[in-house]
Amino acid sequence: MEEYIVSARKYRPNTFDSVVGQAALTTTLKNAVKSGKLAHAYLFCGPRGVGKTTCARIFAKAINCQHPTADGEACNECESCQSFNEQRSLNIFELDAASNNSVEHIKSLMEQTRIPPQLGRYKVFIIDEVHMLSTAAFNAFLKTLEEPPAHVIFILATTEKHKILPTILSRCQIYDFERMTVRNTIDHLKRVAEKEGFQYEEAALNVIAEKADGGMRDALSIFDQAASFCQGNITYEKVIEDLNVLDTENYFQLVDLSLHNKVTNIMVLVNNIINKGFDGGLLIGGLAKHVRNVLMAKDPSTLPLLETSDQLRQRYQEQAKQCPTSFLYEALKIMNRCDINYRQSSNKRLLVELTLIEVAQVTQPDDDGASAGRGPRRLKSLFKQLMQQSQPRKAAPQVAAAKPVAPQSAPQKEQTATTVSQPATSQSTVSPTPQAKMPKTDLKTIGFSWNKIRNKTKPNKINTVTADIEHAVSHTDTEFSQEELELQWMSMCNRMPQQYSAIAARMKNMNPTIMQMPAIEVVVSNEMIKADMEAFLKRIESTLKESLHHSGITLTIRVAEKQEHEKILSRGEQFELMAKKNPSLNKLREAFSLELA
């Protein structure tokens, strides 16, 4: 029986031209061989399985080749090349720094650099996973790396360049290897399948390439696994079954169902996916990637950003024509929010289902009625109205005369109604009648207009109009209570802009006090907070004047005296204090097994 060799070793490149996906680097190395301008140290860095060690071996072989070709490749015929191919070369040394990372190993390596090569021009030392060397080993290696013998070249390879000392980096020529693209990986797998005599579907190779995540060695390992499972006929269905990958068709169906707001069908599909053993987080991540690809397929300029097969790219373009751009944007935001909250969620399946319901409702037209369920209501303005309605107000002074009013004749009533219903100009004033003496008021300063009043009133309701005017007049310099002050203070802190979030959090713990109506005093803990608040003191006063309806409000900020400082309680201490005052809190916590967040 012939010895089996895995594809990653069997099809390992042995020339620069056979290296996949690193054309810029291999061209640079070939030019260096052709010109003979070789540095004494090279650093190859990049992700795993992209050809760092392979290129280092090809480069070392080409450096010592006695008859290199015109384009900088090794001839594979001279004694140096033959000895390298047969793994008996004495001029090329490989050291695995992961297992030989001590000072003694490096010193032993440095002693070998003193011996000139027996065959060829250079002694080449390839140190793989060089970032695993200890700090002492790096320091022992540093002097030789800075001034090596003329016949020595070092090639270092690593996946974690940030762990290497800057003094080492500054003495090397650095080559950054790139991840393999899906297109390059598929093309290489096609060549391997053809050489092995396997039948394949391009969609199956696309799944393998995406699973490899840019590593050619990983792609070849997965290819061998799939080939064993499929027994020479690599089909899409068998590959996703073998690799336990969710079928791409599910993502296309989810997007189509969401466009048509078919929530029930989505729930059935999600249930089938989860019952097959797929994690909900992977489903959301895969769907987000799918929606991103559909978004890229909408514009020809972003179409090259799709790393997929030609057949799948065509399907993305077809679905992109059906999807509005606004739907794709909103769906990506919703799924990104789900991905952030997934690990912290105690009911992950419910979170996934709610996310997909939100996505399915993006294109749903807004329903009428309070129970439509189409997104949250704007609660900020609603709460503001409720707070204003709940604030106690002083009784407005009665404008109408207290004396009983004699009934007017019909013509007089009709004349009065006509006068009220006419639109007022900027100079309009209300003329008092003998029965209801009303003060002359400039309606511009009140904030009401006849048009607004007309919209709120029904025809011939003169008493309601008069009451609105009286209500507007009564809003001038109204006294307020301590409770109203604290309520408006907290409301102001919650509405402060983002750049003032830190000072707003401190202001929430402050207790403004009415000293002498309408003077307000706030006691702060130190001078720094006082200076921060005084920077926008006028804005605070203006806000309080508007919300408390008093134009004479003044705010004084004072630093607390030594005896006024209070201990700041933690959340646990605050709860214990509240529980002492109200023992029912402990019963509530025990009944529902609550924990303090």
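I began with helix α13, where the face turned away from the buried side carries the exposed residues Thr264 and Asn275; I count a residue as buried under 20% relative accessible area, exposed over 50%, and partly exposed in between, with a 1.4 Å probe and protein chains only. Helices here are DSSP runs of H or I with at least four residues and strands are runs of E with at least two, numbered from the N terminus.

I noted that this is a predicted model, in which local features need pLDDT of at least 70 and side-chain atom pairs count only at pLDDT 80 or more, while totals for chains, interfaces and linings use all residues. Residues are numbered from 1 along each chain as its sequence is written, and side-chain values use heavy atoms, with hydrogens and water left out.

**Helix α13 and its surroundings**

I looked up the buried residues of α13 and found Ile266, Leu269, Val270 and Ile273. Seen down the axis, the buried residues of α13 fall within an arc of 100°, so they line one face of the helix; the arc is taken from the directions from the helix axis to the C-beta atoms. I set beside this the rule that an α-helix has 3.6 residues a turn, so residues three or four places apart point the same way. The buried residues of α13 pack against α12 (248-259), α14 (280-297) and α17 (348-360), where a contact means heavy atoms within 4.5 Å.

I then checked the length of α13: its 13 residues (263-275) should span 18 Å, and the end C-alpha atoms are 18 Å apart, which agrees. The expected span is 1.5 Å times one less than the number of residues.

At the two ends I looked at backbone angles. Asn261, in the loop between α12 and α13, has a positive phi of about 60° although it is not a glycine, and at 25% relative accessibility Asn261 counts as partly exposed. Just after α13, Gly277 takes a positive phi of about 100°.

**Ile284 in α14**

I followed the packing into helix α14, where Ile284 is found; at 3% relative accessibility, Ile284 counts as buried. Leaving aside residues up to four places away in sequence, Ile284 touches Met335, Cys338, Val352, Thr355 and Leu356. One of these partners, Val352, is 68 residues from Ile284 in sequence, yet the two C-alpha atoms are 7.2 Å apart in space.

**Salt bridges**

I found 20 salt bridges in the structure, each being a side-chain nitrogen of Lys or Arg within 4 Å of a carboxyl oxygen of Asp or Glu. Arg558 forms one with Glu521, the closest N and O atoms being 3.2 Å apart. Arg558 lies in strand β10 (554-559) and Glu521 in strand β9 (519-524), so the pair ties together parts that are 37 residues apart in sequence. Glu521 is buried at a relative accessible area of 16%, whereas Arg558, at 25%, counts as partly exposed.

A second pair that I looked up is Glu330 and Lys333, with the closest N and O atoms 3.5 Å apart. These residues are 3 apart in helix α16 (325-341) and are separated by about one helical turn. Glu330 is partly exposed at 33%, and Lys333 is exposed at 52%.

I also noted a network of salt bridges that links Arg183, Asp187, Lys190, Glu202 and Asp310.

**Other backbone features**

Going back to the start of β9, I found that a cis peptide bond joins Met517 and Pro518, with omega about 0°; Pro518 is in the loop between β8 (513-516) and β9. Asp213, in the loop between α9 (202-212) and α10 (216-230), has a phi near 55°, a positive value in a residue other than glycine, and Asp213 is exposed at 53% relative accessible area.

**The chain overall**

I closed with the totals. The chain holds 27 helices and 10 strands, and 37% of its 597 residues count as buried. Residues 24 or more positions apart account for 71% of the contacts with a separation of 6 or more. The chain exposes about 35,900 Å², of which carbon and sulfur atoms supply 51%; these areas come from the Shrake-Rupley method with a 1.4 Å probe, and for residues only the protein chains shown count as cover.
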